[in-house]
Amino acid sequence: MNRKSLLISCILYFASASITASAQKGVEYVLPAASFDEAATSKLLEPGTATIRGNASLKKKGKVNFATKGHNIILFPVTPYFTEFVELKKKYNSRKKQATMTNDAFTYRIEGRYLDDQGNFEFTELKPGRYYLVTWIEYERKKNMVLRTGTRTFYNVYSGNEVGSEPIYNAYSYHYKAEDEVAGFVEVNKEGEVVNTIISN
């Protein structure tokens with residue numbers, strides 16, 4: 001995928017994310033105090049000759065989960081603005097208060113795809129610098145619940161009259177899909193370098 005198509009993909013992705021975010025009522029969004037330097041950030045994403053290859057996984061209850069082939073993994077160039085955003089995320093990540101960034105800052109990223117179902121990915125044509133990789137990986141959750149399903153009634157065997165009752169409960173369990181964010185920093189030190197990395201929770 002070339003840089004132009006990547007940027008178009010980013011803009012489209014952001015548009016859908018904005019619609020989702022606007023649907024959340026009552027959420028307070030916290031922006032970094034640092035100003036976003038668009039020119040400097042754009043320069044960091046100019047083509048280079050370095051490569052980042054890696055593997056991403058999510059461990060839950062002893063099971064290692066991977067994203068499926070073609071699923072998104074995103075690379076951001078690390079700037080003072082973005083560093084502050086990552087720190088804010090650690091503090092504000094609830095349904096009431098969440099860290100966010102400006103529309104302009106959000107578009108300066110590279111969107112990659114997993115190469116297989118084992119969490120392997122690759123970003124090419126990168127300049128030396130520090131990058132932040134982030135992805136969301138699905139895993140299966142199990143929930144147990146007890147529901148009242150009826151009433152058991154007791155009768156006098158001689159008269160046939162009702163003498164009491166008690167509720168009937170049954171235990172159920174069901175499985176459903178959830179997802180967690182997995183992220184990490186990667187450093188590229190020189191042109192032509194191939195950096196191998198692993199990101200996990």
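**Exercise 1. Place I137 and decide whether it is buried or exposed.**

Solution. At 0% relative accessibility, I137 counts as buried, where buried means under 20% relative accessible area, exposed over 50% and partly exposed in between (1.4 Å probe, protein chains only). I137 sits in strand β8; helices (H or I, at least four residues) and strands (E, at least two) are DSSP runs numbered from the N terminus. Contact means heavy atoms within 4.5 Å. With neighbours within four places in sequence left aside, the contacts of I137 include L58, F66, Y114, A178 and V182. I137 and A178 are 41 residues apart in sequence, and their C-alpha atoms are 8.3 Å apart.

The model is predicted: local features need pLDDT of at least 70, side-chain atom pairs count only at pLDDT 80 or more, and totals for chains, interfaces and linings use all residues. Residues are numbered from 1 along each chain as its sequence is written, and side-chain values use heavy atoms, with hydrogens and water left out.

**Exercise 2. Describe the overall make-up of the protein: how many helices and strands does it have?**

Solution. There are 4 helices and 10 strands. Their order from the N terminus is α-β-α-β-β-β-α-β-α-β-β-β-β-β. Of the 201 residues, 33% count as buried. Among contacts between residues at least 6 apart in sequence, 80% join residues at least 24 apart. The accessible surface comes to about 12700 Å², with 51% of it belonging to carbon and sulfur atoms; the areas come from the Shrake-Rupley method with a 1.4 Å probe, and for residues only the protein chains shown count as cover.

**Exercise 3. Find the salt bridge partners of K90 and E166.**

Solution. A salt bridge is a side-chain nitrogen of Lys or Arg within 4 Å of a carboxyl oxygen of Asp or Glu. The structure holds 10 of them.

- K90 pairs with E87 at 3.1 Å, N to O. The two are 3 residues apart in helix α3 (residues 80-91), so about one helical turn separates them. K90 is exposed at 64% relative accessible area, while E87 is partly exposed at 43%.
- E166 pairs with R152, the closest N and O atoms being 2.6 Å apart. Because E166 lies in strand β9 and R152 in strand β8, the pair ties together parts that are 14 residues apart in sequence. E166 is partly exposed at 34%, and R152 is partly exposed at 37%.

**Exercise 4. Which residues form the nonpolar patch on the surface?**

Solution. Patches are made of residues with over 30% relative accessible area and no salt bridge; like charges are joined within 9 Å, and nonpolar side chains (Val, Leu, Ile, Met, Phe, Trp, Tyr) within 5 Å. M145, L147, Y172 and Y174 form the nonpolar patch, with about 350 Å² of accessible area together. Strands β8 and β9 (162-188) are the elements that give two or more residues to the nonpolar patch. Y172, in strand β9, is partly exposed at 41% relative accessible area.

**Exercise 5. What is the nearest side chain of opposite charge to E193?**

Solution. Lys and Arg count as positive and Asp and Glu as negative; His and the chain ends are not counted. E193 lies in the loop between β9 and β10 (194-200). E193 is buried yet has no salt bridge. The nearest side chain of opposite charge is K190, 6.1 Å away. Apart from neighbours within four places in sequence, E193 is in contact with A50, T51 and V188.
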